[in-house]
Amino acid sequence: MAGNKFCLTTPAYYVNDVLHIGHAYCTIAADIIARFRRFAGDDVLFITATDEHGQKIEDAAKSAGIEPIALADRIVAHDKKVWERLNISYDDFIRTTEERHVRTVESVFNALYEKGDIYKGMYEGMYCTPCESFCVESQVKDNKCPDCARELERIKEESYFFKLSKYREKLLKHYEENPDFMKPHSRKAEMINIVEGGLKDLSVSRTAVKWGIPVPFDKKHVIYVWFDALINYISAAGYGNDDKKFSGFWPAELHLIGKEIYKFHVIIWPAMLFAMGLELPRTVFGHGWWTVDGEKMSKSKGNVVDPVKMADDYGVDVFRYFLFREVPFGVDGDFSEKALVVRYNTELANDLGNLLNRTLTMLEKYFEGKVPQPGDSKDEFRDMMEKSGARTVEYYNKYEISSALSEIMKSVGNANRYIESSAPWKLAKENREKLKEVLYDLIEAIRIITLLLAPFMPQTAEKIWEQLGLESKISGMTIRDISWGGLKPGTKVNKGLPLFPKDK
RNA sequence: GGCGCGGUAGCUCAGUUGGUUAGAGCAGUGGAAUCAUAAUCCACGUGUCGGGGGUUCAAAUCCCUCCCGCGCUACCA
């Protein structure tokens, strides 16, 4: 496992909108996995991106009275601050307006054109002149525009097409042979149906749009934003600009995305990669969506959750914890501050925070704050904790990060129960040797729990680490350090303030 | 319309390839304990597993059908 190259990505976020809980959710998930992979010894390339071309940006810039690139610059600066605030450890942040990306897109477009997988044709569709846009035909009723309800006309427009249809069988074969290509599995059937039902070639250029990457050999066309944006994954991985890097990091292990853009990532993008002769990412994981207090999130309702505000009000780690604790990773869920406060009080303050606090207090009280010499017998508690740790690692490996977190919290529960059943306060009077064993077990269990929890709550983990009195930095720890017995007897603990105070 | 995903305890949800009296957390009630942020631990659930039908020795789990909620339906992300 050690030394594996591990590339993972978030989507390229469109810069016409301010980041909300949905973007944060996806990026934090990627961050958790990236942190775990580094912990597991992998050489990680964690890529996030912004998608900056297209009609929407052009329009937004116009109404703001600035150039599109100026608008994008502004949003990008903001996004970077948000990611910093949320403790996102990305290795690369690529913008689709960057030179390295533009050149890659151009060369891909050229290559596919030469190969014949991109060809010039006519796009025919229902066009709404006032909206200046084509409408999705299946949504058109009575020849009226679904957006503005005005009359549509059927028009033809010159366009370049990507031969998506050519890759139908190859895609189906790939799905068949790689059961973990699409995760979670509940999203699979629909995609297979779509592909089986037949694929139409995809229009990949626009003449009405100005803000984008021009087709290299036909400048009146601009490359369709999706075709452009998807390529960010390989331009950031080094394709066309750093071959050595690219050969190490591609194929990506994981594309993390929201379910709304699943189709682009399991049908269109793989077909593009086939056309380029590149390998497909190992896994595309489509996570669910958040509602807020039971309602759909929307600007008009004014209930859009601002991740920075949540981090300010409750703490970054608490927010990160909640997102993956409340809802199984992959399905839809509901966000509410009320639920967040309940989890804070019960699980973080009462269970985890108090576990650390009571254990350190006993250590101070009975052993002057020094970790005692453990017994050499392998007890039931230790066995249980080791098994739980192994399960946690398995879940991480499968990207079932909510299950990983849930397993960690089970360990916390086990430790609290162990205190009750062994009653150290009695042992202090009756059985000094046994007391040593129990307290060593507890403090060692906390150390391991902290390592496993660190990808979710990096700052909290550091704080616990300090309180445990450990000299080495937690960031330097590896997966080998979760094996039992790593804590040296004699270590002087350093009890501090409660991790999760309850005066909220 | 087509395709897909859901409908399990008051609430939020787990339930792998069908198999002992259907589980967890939260909330509620009672109790124990005192190391601790009055935190912790234990005990307590007559749930039509959306409705109906079927397959089977056996179904929340497979098949059919109906009802309800949600999403997608391809190129203004």
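In which handedness of crossing does α1 pass α14? I looked this up in a predicted model, where local features need pLDDT of at least 70, side-chain atom pairs count only at pLDDT 80 or more, and totals for chains, interfaces and linings use all residues. Residues are numbered from 1 along each chain as its sequence is written, chains are lettered from A and ligands numbered from 1 in the order written, and side-chain values use heavy atoms, without hydrogens and water.

Entry 1, α1 and α14. I found a left-handed crossing (the near helix turned anticlockwise from the far one by less than a right angle). The axes of α1 (residues 21-39) and α14 (residues 380-397) come within 10 Å and cross at roughly 120 degrees. That makes α1 oblique to α14 (outside under 35, over 145 and 65 to 115 degrees). I list I32, F36 and R37 of α1 against V393, Y396 and N397 of α14 as the contact (heavy atoms within 4.5 Å). By class, these are 4 nonpolar, 1 polar and 1 charged.

Entry 2, α13 and α17. I noted an angle of about 145 degrees between α13 (residues 337-367) and α17 (residues 432-453), with axes 11 Å apart. This crossing is left-handed. The contact has 14 nonpolar, 1 polar and 2 charged residues. Among them are L352 and F367 in α13, and R432 and K436 in α17.

Entry 3, α15. I checked residues 401-422: the 22 residues reach 32 Å from first C-alpha to last, close to the 32 Å expected at 1.5 Å a residue. Of these 22 residues, 16 are buried (under 20% relative accessible area, 1.4 Å probe, protein chains only), so α15 is largely enclosed by the rest of the structure. Just after α15, A423 takes a positive phi of about 45 degrees.

Conventions:
Axes are lines fitted to C-alpha atoms, for helices over the stretch in contact, and angles run from 0 to 180 degrees between N-to-C directions. Helices (H or I, at least four residues) and strands (E, at least two) are DSSP runs, numbered from the N terminus. Ala, Val, Leu, Ile, Met, Phe, Trp, Tyr, Cys and Pro count as nonpolar, Asp, Glu, Lys and Arg as charged, and the others, Gly among them, as polar. The expected span of a helix is 1.5 Å times one less than its number of residues. Buried means under 20% relative accessible area, exposed over 50%, partly exposed in between (1.4 Å probe, protein chains only).
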